[in-house]
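Me: I would like to go through this model by question and answer, taking contacts and burial step by step. Please show the sequence and structure to begin.

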Amino acid sequence: MRFLFKTDYEDDIRLFPHSGYVYSYGLLLAVLVIAPYVLSSYLMSQLVFVCIYATVGVGLMILTGFTGQASLGHAAFLAIGAYTAAYLQQFNVPFPVYFLAAGLLTGVVGALVGFPALRLQGIYLVIATISFAFIVEEIMARWESVTNGNEGMRVKAMQLLGATVSRDGPTFYYLCLAVLVLTIVGTLNLLRSPTGRAFVAIRDSETAARSMGINVALYKVKSFAISAAITGFAGVLFAHKLSFISPEMFTLQLSIEFIIVILIGGTFSLHGAVLGAIFLVMIDPFLTYLKDDMPGVIAGVAATLGAGAERAGHIQDAVAAFASANGLKGAIYGVIIVVFVLFEPLGLYGRWLKIKLFFQLFPLYKRATFKRQKIYVKSERNR
Amino acid sequence: MSYFRAENLSLHFGGLKAVDAVSFAVEKGEILSIIGPNGAGKSSIFNLISRIYPPTSGRIFFEDQDITQQPAYDIAKLGIARTFQNIELFENATVLSNLLVGRHRHSTTRLWQELLFLPSVRAGEKAHRRRVEQVIEFLDLEPYRDKLISGLPYGVRKVIELARALCSEPKLILLDEPSSGLNVEETDDMSFWIRDMKSELGITVLMVEHDMTLVNRVSDRVIALNYGRVLAMGSPSEVQHHPDVVAAYLGA
């Protein structure tokens, strides 16, 4: 085990507590930089989606994980970012301009959503953000002069510094990675300064936050705006990656996917957003496998177990029908959420910390270290 | 003019008069305790001062300024800090970040500066940390700096809440039952700290307390309340022997 001897206040401020972090994150960054030259184009495409989802995850983490305000409307923020990009692109606005404009506009919309949210707590806030997302979805479908309605909009390839950036090329991947890294660094900076602490204070006790001089309303709106702006930036990249956007892409299911990202990853650390994004994006290949290969595999197993060719064919059809059933994806998401909430509320990153501690303390690790405690309900909580 | 003054302060919940036309004044540099049976309206007065409830009627003055209509977050900025009867700490944060939240009213950095963590933010953080460290030394909290609140025992949390209030460098501090849930030894420590706050840090203290030993040891003056009304006001022994106070406690 490593013991840190702190000799300077700087030791508590710096992002990397000791050299080990520098080496491991440096190595990770190096791997990510050489990835396009090693991985297949399919995996590269998945990696771009991981970057985009993780960026949204970081944005949602600021709002939900650190400020304690739930949101099931982040698909709408993503949509606003994506549509702003697609709309401005028609007028030959350069990429850096519409990228910033999309973030700014989404941030403003986020702040506007934040105002009614000031009076809402918990489940009511969730309902309000869902309604907001439905409103945005409806506007996208109806405001045909701008959004082209249900026909959707084409997004042309990105023009950056006079060159065309293909959505499958390494440059686009590096751009997404840079946006993710900058978002994470900015968020970490925020969390080690007064604003970030005010967010956490609001999450844990609004009354105490207020009595410490924190303008709770202002900081909630700030949190909404920052979270939305980050999601808006991700939306621009999302639009470019898909090269076509239409209202039915930004549904409640997408918002739920974002919640899954932070819930599965672990809502208490930014690591969670990245781990959750990797997990979520990798569900898709799993579903494809379920659809394409699984029926054959099960039929093969049935055949070796002595089932006749006709019977094996029936089994294959049945499994295929199940695997391609409508709503299977949603059902799987539901099961995943339930399993994580019940068995690992700290998410993948919490699990990782436990495994790390196991090896650090080996052979002295005690299973009860992370046992959940019963917390007494406070009788006189001021709201 | 008094340093802090409440005039005809009332708080009614429908027909229930939690606080009923209470007037009192706190002089600069004194320790004033409010005592009274359960439900007498002691904590309600605190919640009126820190603007968790708006008063039904009456006015509150601090340093000759009417603060009755100030929003809750401005009260702290004026230099009034408080602790809570049922501890209200930020449970899933470390002791250090709890204390740094106490410094919030002194922070001057802007959002964009914080996103980039400019040198000014870094310098501000270090300055805050230095002040926090002084409070940590004052209240002997050195062993707990990096611990999460959720894993700490009640007695320590109580001290941390006091520390968080002190970190905001208040002029007036409101202590809501500082000794509740503490053992005899911890209560002794608490009484030393309260007196030191007055003598060393020059903080005026307004305190709600049930433990009469602590009240007698530290208070300059005492106010006794019952059913939202002031029964008696004066030195600790005067108030304790006041016939109305005896009747309120013993039901005679």
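Me: Leaving aside neighbours within four places in sequence, which residues is S227(A) in contact with?
Reply: The model is a predicted one. S227(A) has its place in helix 11 (residues 216-242) of chain A. Apart from residues within four places in sequence, its contacts are G59(A), L60(A), I62(A), L63(A) and G110(A).

Me: Is S227(A) buried or exposed?
Reply: A residue is buried if 20 or more other C-beta atoms lie within 10 Å of its own. S227(A) has 30 C-beta neighbours inside 10 Å, so S227(A) counts as buried.

Me: How far apart in space are S227(A) and D12(A), C-alpha to C-alpha?
Reply: In sequence, S227(A) and D12(A) are 215 residues apart. In space, the C-alpha to C-alpha separation of S227(A) and D12(A) is 26 Å.

Me: Which helix of chain A gives the most to the largest nonpolar core?
Reply: The largest nonpolar core has 158 residues, and those with the most contacts inside it include I52(A), Y53(A) and A163(B). The top contributor from chain A supplies 14 residues to this core. That element is helix 3 (residues 41-66).

Me: Which domains of chain B each give at least three residues to this core?
Reply: Chain B is divided into two parts, domain 1 and domain 2. The core draws at least three residues from each of domain 1 (1-78 + 169-251) and domain 2 (90-167) of chain B.

Me: A201(A) is among the residues with the most contacts inside the core; which residues of chain B does A201(A) touch?
Reply: Residues up to four places away in sequence are not counted here. Within chain A, A201(A) touches A208(A), A209(A), M212(A) and I214(A). From chain B, the residues touched by A201(A) are F90(B) and V101(B).

Me: How do the residues divide by class on the side of chain B that touches chain A?
Reply: The contact between the chains involves 35 residues of chain B and 29 residues of chain A. On the chain B side, helix 2, helix 3 (95-102), helix 4 (111-116) and helix 5 (119-138) each supply at least two residues. By class, the residues on that side are 16 nonpolar, nine polar and 10 charged.

Me: What is the make-up by class of the side of domain 1 of chain B that touches domain 2 of chain B?
Reply: The centres of the two domains, taken over C-alpha atoms, are separated by 26 Å. Nine residues of domain 1 of chain B are in contact with seven residues of domain 2 of chain B. Helix 2 (72-78) and helix 7 (184-199) each supply at least two residues of the domain 1 side. That side has six nonpolar, one polar and two charged residues.

Me: Why do the buried residues of helix 7 of chain B line one face of the helix?
Reply: The buried residues in helix 7 of chain B are M190(B), W193(B), I194(B) and M197(B). An α-helix has 3.6 residues a turn, so residues three or four places apart point the same way. Seen down the axis of helix 7 of chain B, the buried residues line one face because they fall within an arc of 100°.

Me: Which residues are exposed on the other side of helix 7 of chain B?
Reply: What covers the buried residues of this helix includes strand 3 (31-35), strand 7 (172-176), strand 8 (204-208) and helix 8 (212-218) of chain B. On the other side of helix 7 of chain B, the exposed residues are V184(B), E185(B), F192(B) and S199(B).

Me: What length does helix 7 of chain B reach from its first C-alpha to its last?
Reply: Helix 7 of chain B has 16 residues, and the expected value at 1.5 Å a residue is 22 Å. The helix comes close to that, reaching 23 Å.

Me: Which residues does a cis peptide bond join?
Reply: Most residues other than glycine have a negative phi, and most peptide bonds are trans. In this bond, omega is about 0°. One partner, P363(A), is found in the segment after helix 17 (347-361) of chain A. The cis bond joins F362(A) and P363(A).

Me: What is the phi of D64(B)?
Reply: D64(B) is found in the loop between strand 4 (57-62) and strand 5 (65-66) of chain B. With 10 C-beta neighbours inside 10 Å, D64(B) counts as exposed. D64(B) is not a glycine, although its phi is positive, at about 60°.

Note on methods: Residues are numbered from 1 along each chain as its sequence is written. Chains are lettered from A and ligands numbered from 1 in the order in which they are written. This is a predicted model: local features need pLDDT of at least 70, side-chain atom pairs count only at pLDDT 80 or more; totals for chains, interfaces and linings use all residues. A nonpolar core is a set of buried Ala, Val, Leu, Ile, Met, Phe, Trp, Tyr and Cys residues joined through C-beta atoms within 7 Å. A residue is buried if 20 or more other C-beta atoms lie within 10 Å of its own, exposed if 12 or fewer, and partly exposed in between; C-beta atoms are placed from the backbone. Helices (H or I, at least four residues) and strands (E, at least two) are DSSP runs, numbered from the N terminus. Domain bounds come from an automatic or database domain assignment. Two residues are in contact if their C-beta atoms, placed from the backbone, lie within 7 Å. Ala, Val, Leu, Ile, Met, Phe, Trp, Tyr, Cys and Pro count as nonpolar, Asp, Glu, Lys and Arg as charged, and the others, Gly among them, as polar. The expected span of a helix is 1.5 Å times one less than its number of residues. The arc is that of the directions from the helix axis to the C-beta atoms.
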